[in-house]
Amino acid sequence: MKKNKILVGLVLSLALGSCTEILSPKPIDILADQFVLNEAKDVQTVRIGAYNAFRGMASPKVMIGDFTADFIQHNGTFTDYQELGNKQITAANGLAGALWGGVYSTVYVCNFLLEKLPTVPGVTEADRKLVTAEAKFLRGMAYFTGATTFGGIPNVTTTDVTTNRTVARASKDEIMANALKDIQESLTDLPEGSPTQGRAIFAGYATKNAARAALARYYLYTRNWTQAEQFASQVIATNRYDLVSYIDVVARDFNPESIFEMGYTAADDPGTSNFGLNNILVGRREVIPANSYITLITNRESGERSATVDIDFGKQGGGDNGWSVVKYGTPDEDNNNIVIFRLAEMYLIRAEARAQQANITGAVSDLNVLRTRAGRNLTAAQRPPMVVAGTQSEILGVIERERVYELSFEGHRWYDLVRTGRAQAVMSAFTPNWNQKYELWPIPQTEIQRNSALAGQQNPGY
Amino acid sequence: MNHTLLKSIFSFVLFCLVVGASFAQNRVITGKVTAASDGSSMPGVNVTLKGSPTGVTTDGDGNYRISVPTGKVTLVYSFIGMLPQEVNVGNRASVNVELAENPTQLTEVVVTGYNSTQKKDILGSITSISPSKFKDIPVAGFDQALQGQAAGVQVTQSSGTPGGGVAVRIRGNTSISASNRPLFVVDGIPVMDEAISGRGFGGQNDNSLSFVNPNDIESMQVLKDASAKAIYGSRAANGVVLITTKRGKNNARTSVTVDAQRGAIDIVKKVDLLNSQELLELQREAVTNAGQDPDRRGLIAGVTDAVNTDWLDEVLRRGIYQQYQVSASGGNDKTKFYISGALRDEEGVQLNNRFTRYSGTANFDHKINQRASIGTNVLLAFTTNDRVKGDNFLDGVYSGAIKSLPWFAPYNEQGKLYGPGSPNYPGFPNFNPVAQALLPRFRTYGTKILAGMNAQYEIIKNLRLNSKISLDYNNSEEDQYESSATAIGGFLPSVGGQGYGVYITNTLYTLLNSNTLTYDVAFNEKHHLNALLGAEILQSKNRNSFATGRVFPSDDFTYINSAAVQDQAGSGFAQNGLLSGFGEFRYDFKEKYLATFTARYDGSSRFGPSRRFGFFPSFSVGWRLSEEPWMKSLTFVQDVKLRASYGYTGNERIGNFTYLGTWGASTYSGATGVSPNNLNNPFLQWERTREANVGLDASFWSGRLSVILEAYDNLTDNLLFNQPLPLTTGFGGFQGNIGNIANRGLELTISSVNIDHSGTRGLRWNTDLNLSHNQNKVVSLVDDKPLFRGYQGNGVSATNVILPGHPLGTFWGLKALGVDVATGDALYEDFNKDGRITPDDAQVIGTAQPLLIGGLTNRISWRNFDLSFFFQFTYGNKILNFANTTLVNTGADLENNQTRAALRRWQKPGDVTDVPRYVLGNTFNNFHSSRFLEDGSYLRLKNVAFGYNLPSRWLNKVKINNARLYVTGVNLWTLTAYSGADPEVSTLDGSTSAQGIDFFTLPQTRNVTVGLTIGF
């Protein structure tokens, strides 16, 4: 009997001895909340998380900017892109959720940094200021993108989940004001930076020039021409960027023209994901350039900028014109980044601001800087003609075209048409399915379903 | 019956015995007893003289020798689990007898988890399935073998892919987020039951349960109610399936069995697609209707349709199936053994698709002394699975073949496959499916080791200690290469470009130590108590890794060593554990009033520290009416028992660390950081199911007819649920415990022996019928807002919805009101009456849950022949023919072939039809609607088997004990209104909320197999 008791005891002790190991294994390759940001060296890792979140917005923003407009036709099988090709966009479209999600992931991580940074011990004042400025810049940009896409959106100011799950829409003005405040404040503490750091650092992370470029764009959208011109001029005047050959704009990551650019490596390339630009434009060719766009981008005025697209005659047939957009390559081609700001846009902003202020000469000279670059490697007969002075509205028309040549498939077209009030005219000519409601994107269907404060607040027409 | 009477009978019997032995004139009768099912010899059968206590038992070869008085006598042959036989001997000196299985088997010992009991004393809802029910069917795994055999068990084979996924649901779906699979326990070891490979194949998974050879199974028990399951506590909510493998018998001669099967496999039905000419005409019409010129699109009659390829014929074939097995078992008084080895090789109907399994079993038991015994069980399996992509993949084989335009061709004039970029099959959105089948190497090597050691020790009389250590080890290695002429390897430069190699390993293993003490005691011969106490530790670990390589020198180099770029790799590790104590107390009074209390206390690593432990009790009572004096007079009644149970079970099968707020690694431009990953929920706990069950077990006429009727009412609360959050929170949702799901149902099982002359080798016919009805309903969730699941639908949020008041598997979409006779456009119901058709007009349009499912098996034997046929049916469920959004797409695009239904399209005003007009680029007519929902009811002749036992007088000459030749047919006939290829389909293998979708899923196969079993 004694032996038996020992046996039973042995079994039980075996069971209890390993209890903690069995029931409380250490988390693997994840960090529990309380360890995320509580010492100085954690600041860098969360900062990278903020850029990661912001980068998530870049590709949906390009798609919304260009695919909503008159650049593309559908050529694949995905419903999301079919809706964009046919201009039958619904609130269930995945891009709405992708951009919205990107905006608020960015806002969350930035709010987390801004809430926590003041209390993290051991962080140098310089680091604290720098990361605070970066967080504000990214958050401001996120709000700017959200407001220009959806109109008024919820104003999320905390990381508290209970608060954030029932936030109503703020007005578009309020969100835009937030964005302006954030970007303005970031300008103070962001670094000037220098190309000597390497372009991957200089353009890969926020700098004063990135903030200035953001303000230039902001004032352009809000029709504050003097401010727009001023900030664009400031960026141009720093002389830290070069107008590279246009083929490098198309085909090279972190080229010297880039002011702010979202970096991908082979390891985190979006690959075949549903919103991967290379996958959608080159791999699956879910959308291909519309015929009218091809006519425009390949005309002489466009010059070298026709390198934005490429044709493969083997793909022609049926409804397929054989053209593909090649601005977003593969990691192997070192061409998978997404540009947020580059120097050419500053010239275009300044040209438009100057034209609006009736400074036709200044506008023409800015435009011709780009025309010259677009003919740099061409024979005289092929070079785009220089812009000559004309009436204000003529020049504004030239600027609208020049933005197509220069910036197409970088996420600008639809925003440009909407802000200039040209959407209805241009888009109705492009497709009979156009409807004025498409001047704002729908709030994602799921957000309205999940957030009671958004009930009944969908944009009109959706 | 009182004691005095009993004593007098006993004395009389004793007296007869003595007297009979001394005075009768004797002669000797010899013979052999064999099993009616397979002709194998039966040792240990009691042979007695009717009306006298004289008796003998058969020896190891089933032979007996009995001495009887002269004159006419009747011999009675009886054996546990078999119907007793009475044979009028006459003057014969040799009597050979066959015993048939008793469908009721009241005294059969049934494994009930950690314990065992006689079948008649079971108070829970347990269905036993004997291997004789599936031994002829060429099933790959025991999950398939359950199909149609037990009431309340719904088994859906997801597709006709060999070694593929099988969904087993016991009494409905209990969970939204956590697994709905039952707990499978093989020889006491909870086994891995999920897909084990890492890479997606477009909807169809592999299946680790197909690693266990069903021919090694001795018995299967399905535990369905709380009383039966609560001993498995936190893992039992979805039901438990206990599998016991074969073991040797003491004092039996060594028998060797050889079994060989060989057969052919074909697809049950092909989708009826258009030929080139028909499709061209249709496409020209669609282009014209869109106001464009079809000639300018190159759609020219006589040119475009010059080639006409039947793509299904190009990718499908007749597969060859073969299985060979050798097993041996035997034992002496101390040691017994069972060993087996088997090879199964199954060619899929798709080119290059093949599943091969080598498996072996070795089970030993040894009695050390009167008190102690030890045993081992070892099961090994190695599989090779050559897979092909399917379903929701553009580069799938079957899916690609259905969609491919008939005017493309697989090969050029030189017999070379067209690759991406070729004008004769350019690739995207579809790729040459023949190339996609033949060129890639998708080989998955699987290993399974299921091994255990156990020891029993009787500490004092009737107090037994049972200890067991077991391992379930599963490994898969995926060796893959997609050549530069395939979609991934050649078409997408961002992925492969010039060949794409992948190597993935995944290892999952569970270590288990369980210890139980059982005590059995009776007082005054009236009270009988059986108690069990146990403790168990379980730990599961998972290790995985992957590497990919791109840019190969040529397609002659196919391993990652040769790749120029090897820039994607990863590895991971995960573990979880369970620490439990459990107990069971069974009591009966004179076997008339019975009660059982069962409980388990589980601690799981998957939940928050404050909610780590859960308690799962159950209580059941039974009343054996047939033991009441007033019922004894009804002699046709063998046994009648009423039983009821109530209790709780749980579900813990969610991911690890979901209770913890966590941040995961993230990257930006070559730097690494952290990003928010999961929201904190320290109160995360089990899903709990409250189960109530009442049952009636009755058997009549010595077991010739038995009926089981059951009703249950289950309510799952604290649903493990990823509660959705608006993205404004920065998260899409968090893991919580919210909501209730109810399952209510009725089950009826009837077994009858309609005719039985088997003792004299005459006709025997028996029937098994089971019917079950389950009503599943989501009672409540976070709120009443719809949660979307399934695929994205055109013009609506999704194809499936989870909505309180509706079952899981509810379909969502616009309600189609037919086709406008005047315009040919689709008509949809304007559900919210706002005058427009928007996603907000979508509504519930049907459910995948059937009203009634069932199985009917008939077995007839006559002399040496036997015939069985097994029907399976489901009634009242809907199938979403999602493939038709592509195959009857009303012209949304011109990239895909269409089915014959497209010929019914609207063409001119006045046409009354259900298919809208074809207009290129029009998505409105192809919005996701009830147009794609069809009645999924079917009745299927699942299996027919015809066998012939070779006469023993032939066999004895070649020293063969028994031999059986048989032919089986699977899925020979189906009655259904479903227009797709096969109503038994589920593209999202294992999905609960999006079940019953047909999205280019490979149909089931029709197998015709010939087999031979020889016993030595």
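**Exercise 1. What radius of gyration would a compact globule of 462 residues have, and what value does chain A have?**

*Solution.* The structure is a predicted model, and the comparison concerns the C-alpha atoms of chain A. For 462 residues, a compact globule would have a radius of gyration near 23 Å, and because chain A has 25 Å, the two values agree. The next step is to set this beside the extents of the chain: along its principal axes, the C-alpha trace of chain A spans about 105 × 55 × 45 Å. Burial can then be added, with 54% of the 462 residues of chain A being buried. Finally, of the contacts in chain A between residues at least 6 apart in sequence, 70% join residues at least 24 apart. The secondary structure behind these totals consists of 20 helices and seven strands.

**Exercise 2. Work out where A:G140 lies and what surrounds it, starting from helix 8 of chain A.**

*Solution.* Begin with helix 8 of chain A, residues 172-189, whose 18 residues reach 27 Å from the first C-alpha to the last, close to the 26 Å expected at 1.5 Å a residue. Its buried residues are A:I175, A:M176, A:N178, A:A179, A:D182, A:I183, A:S186 and A:L187. A general point helps in reading such a list: an α-helix has 3.6 residues a turn, so residues three or four places apart point the same way. In the model, the buried residues of helix 8 pack against helix 6 (125-150) and helix 10 (208-221) of chain A.

The glycine A:G140 is found in helix 6 of chain A. Leaving aside neighbours within four places in sequence, A:G140 is in contact with A:A179, A:D182, A:I183 and A:S186, and these four appear among the buried residues of helix 8. A:G140 counts as buried because 25 other C-beta atoms lie within 10 Å, where the cut-off is 20 or more. By contrast, the C-alpha atoms of A:G140 and A:A200, which are 60 residues apart along the chain, are separated by 22 Å.

**Exercise 3. Test the length of helix 11 of chain A against expectation, and describe its packing.**

*Solution.* Helix 11 of chain A covers residues 225-237, and because its 13 residues should span 18 Å at 1.5 Å a residue, the 18 Å between its end C-alpha atoms agrees. Its buried residues are A:W225, A:A228, A:E229, A:F231, A:A232, A:S233, A:V235 and A:I236. The elements that these buried residues pack against are helix 10, strand 3 (258-262) and helix 15 (343-356) of chain A. After the helix comes A:N239, with a positive phi near 60°.

**Exercise 4. Describe how chain B meets chain A, and state the confidence that accompanies the description.**

*Solution.* First, count the residues: 68 of chain B are in contact with 75 of chain A. Second, identify the elements: on chain B, strand 25 (527-550), strand 26 (565-589), strand 30 (662-668) and strand 31 (671-678) each supply at least two residues of the side that touches chain A, and strand 26 gives the most, with nine residues. Third, by class, this side of chain B has 31 nonpolar, 33 polar and four charged residues. Fourth, strand pairing crosses between the chains, since strand 1 of chain A (residues 30-32) pairs with strand 30 of chain B in the antiparallel sense over three bridges, and A:L31 has B:W663 as its bridge partner there.

As for confidence, the predictor gives the complex an ipTM of 0.91 and a pTM of 0.84. Chain B has a mean pLDDT of 88, with 96% of its residues at 70 or more. Among its elements, the mean pLDDT is lowest in helix 1 (residues 3-23), at 44, and highest in strand 47 (residues 933-935), at 96. Over residues 8-24 of chain B the pLDDT is below 50, and this stretch has seven contacts in the model beyond near neighbours in sequence. Where pLDDT is low, the predicted coordinates should not be read in detail.

**Exercise 5. Give the strand order of the open five-strand sheet in chain B, and name its edges.**

*Solution.* The order is 10-15-16-13-14, with mixed pairing. Strand 10 (126-129) and strand 14 (189-190) of chain B are the edge strands, each pairing on one side only. At the latter edge, strand 13 (residues 183-186) and strand 14 run antiparallel and are joined by two bridges, with B:I189 as the bridge partner of B:V186.

Terms used
Residues numbered from 1 in each chain as written. Chains lettered and ligands numbered in written order. Predicted model: local features only at pLDDT ≥ 70, side-chain atom pairs only at ≥ 80, totals over all residues. Contact = placed C-beta atoms within 7 Å. Nonpolar A, V, L, I, M, F, W, Y, C, P; charged D, E, K, R; others polar. Pairing = 2+ DSSP bridges. pLDDT = per-residue confidence, 0-100. Expected span 1.5 Å × (residues − 1). Buried ≥ 20, exposed ≤ 12 C-beta atoms within 10 Å, placed from the backbone. Rg over C-alpha atoms; globule rule 2.2 N^0.38 Å.
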